Amino acid sequence: MLPAVLCLLAVVQVLSEAPPAPPQNIHVDNWLLTWTPATEEEDITYTVQYRSFDSRVWADVLACVHISLNSCDVSSTKAFGEHGCVMLRVRAEKGRRLTSTPVKACSRHGDSCTPDFSLTTGPGSLTVHLSTNNSLTLEHGDHAKHRVYHGKEGEPLQSYKDAVASVTLRELQEGRRYCTKVQFIYFDKPVGLASCTQCELIPESKKDFKVIETVVAVVLVVVLLLGVSMAYIFIFQRGKIKRWLRPPCKIPDDFLLKPFPEHHLSTPTSSPTQEHYDVISCISPKESME
């Protein structure tokens with residue numbers, strides 16, 4: 001009995017020393033940082049930290065250390081960041097020794113530190129519409145870009161594309177949800193908070209439309225091949241065509257220079273039954289009157 005009790009106490013002690021679960025849904029709205037507790041335990045506190053983008057050290061936000069609330073005003077951090085932008089994260093604490101994994105915050109709305117964007121979908125594609133009308137782009141031109149993270153819903157957003165304007169992601173799996181988040185970068189360095197993740201369903205293309213596209217493509221290919229073949233024949237095979245169309249008989253070259261042969265009327269021959277008459281060679285007028 002005693003060993004079982006000791007074992008149970010050891011398990012309870014181990015569980016009590018386990019770090020708390022990290023907070024969830026951490027986002028910033030007009031410099032107010034809010035989050036959702038991952039547990040209903042009452043002895044859990046939270047600490048907010050910030051980091052400028054030219055530093056690797058995280059520092060505590062003095063107004064948000066070991067607080068039991070689920071929100072904190074972080075506007076004071078603007079003075080410590082380049083371009084007035086910082087990265088933020090929150091960790092849960094249990095006592096003074098046990099802390100959760102810190103979770104980075106995102107921004108729900110675009111501002112001078114976070115890009116504003118919208119999404120449109122098409123069969124197999126997702127377009128991220130970005131705006132160049134922001135203070136960072138206006139000040140630094142093409143050196144300031146957008147980093148668009150993307151991936152399937154439920155998977156880490158590890159793939160990304162850097163662009164100044166809008167980006168279209170192609171060859172996506174139809175019928176699946178894809179997610180994106182966007183962050184400013186300056187000379188390949190992240191600046192400001194990343195936007196909160198947005199997800200959209202990639203629609204499926206209609207089969208009839210695919211059939212029509214296939215038929216049109218085949219017809220165009222056939223017409224193109226026929227046109228090329230006919231052009232080749234008329235351009236490079238004209239001599240053979242002329243020889244094939246030439247008549248089999250040959251007209252002499254001096255045909256038009258020769259005189260036409262004379263046609264003589266032949267004296268009709270008398271038939272065997274024709275009567276014979278004497279021919280009067282001459283009759284004088286005097287003899288005829290006597």
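**Exercise 1.** In which loop does F187 lie?

*Solution.* The structure is a predicted model, in which local features need pLDDT of at least 70, side-chain atom pairs count only at pLDDT 80 or more, and totals for chains, interfaces and linings use all residues. Residues are numbered from 1 along each chain as its sequence is written, and side-chain values use heavy atoms, with hydrogens and water left out.

Step 1. Begin with the elements: helices (H or I, at least four residues) and strands (E, at least two) are DSSP runs, numbered from the N terminus.
Step 2. F187 is located in the loop between β15 and β16 (189–191).
Step 3. Its backbone can be added: the phi of F187 is near 50°, a positive value in a residue other than glycine.
Step 4. For background, most residues other than glycine have a negative phi.

**Exercise 2.** Find the loop that holds H66, and state whether H66 is buried or exposed, or in between.

*Solution.*
Step 1. H66 sits in the loop between β4 and β5.
Step 2. The phi of H66 is positive, about 55°, although the residue is not a glycine.
Step 3. The classes are buried (under 20% relative accessible area), exposed (over 50%) and partly exposed (in between), with a 1.4 Å probe and protein chains only.
Step 4. H66 counts as partly exposed because its relative accessibility is 34%.

**Exercise 3.** Describe the burial of strand β3 and its pairing with β6 and β4.

*Solution.*
Step 1. β3 covers residues 44–51, and eight of its eight residues are buried.
Step 2. I44, Y46, V48 and Y50 point one way from β3, while T45, T47, Q49 and R51 point the other way.
Step 3. In a regular strand the side chains alternate between the two faces of the sheet.
Step 4. Two strands pair if DSSP finds at least two bridges between them.
Step 5. With β6 (residues 87–94), β3 pairs in the antiparallel sense over eight bridges; the partner of I44 in β6 is K94.
Step 6. With β4 (residues 59–60), β3 pairs in the antiparallel sense over two bridges, and here Y50 has A59 as its bridge partner.

**Exercise 4.** Characterise the disulfides C64–C72, C85–C113 and C179–C199 by sulfur separation, handedness and burial.

*Solution.*
Step 1. A disulfide is taken as a pair of cysteine sulfur atoms within 2.5 Å, and the structure holds four of them.
Step 2. C64 and C72 are joined with an S to S distance of 1.5 Å. The torsion about their S-S bond is about -65°, so this disulfide is left-handed. C64 is buried because its relative accessibility is 0%, and C72 is buried at 7%.
Step 3. The sulfur atoms of C85 and C113 are 2.0 Å apart, and with -85° about the S-S bond the link is left-handed. This pair links distant parts of the chain, 28 residues apart: C85 is in the loop between β5 (71–73) and β6, and C113 in the loop between β9 (106–107) and β10 (117–122). C85 is buried at 0% relative accessibility, as is C113 at 6% relative accessible area.
Step 4. C179 and C199 have sulfur atoms 1.9 Å apart. Their torsion is about 100°, so the disulfide is right-handed. The pair links distant parts of the chain, with C179 in β15 (residues 177–186) and C199 in β17 (residues 198–201), 20 residues apart. C179 is buried at 5%, whereas C199 is partly exposed at 22%.
Step 5. With the bonded cysteines numbered in sequence order, the pairing is 1-2, 3-5, 4-7, 6-8.

**Exercise 5.** Which element gives the largest share of the largest nonpolar core?

*Solution.*
Step 1. A nonpolar core is a set of buried Ala, Val, Leu, Ile, Met, Phe, Trp, Tyr and Cys residues joined through side-chain atoms within 4.5 Å.
Step 2. The largest has 20 residues, and those with the most contacts inside it are L33, W35, V48, C64, V74, L88 and V90.
Step 3. β1 (24–29), β2 (32–36), β3 and β6 are the elements that give two or more residues to this core.
Step 4. The largest share, four residues, comes from β3.
Step 5. Apart from this core lies another, of 13 residues, among them L130, V167, L172 and V182.

**Exercise 6.** Which residues does G175 touch, not counting residues up to four places away in sequence?

*Solution.*
Step 1. G175 is in the loop between β14 (167–169) and β15.
Step 2. With contact meaning heavy atoms within 4.5 Å, G175 touches L201, I202 and E204.
Step 3. The C-alpha atoms of G175 and L201 are separated by 6.5 Å, the two residues being 26 residues apart along the chain.
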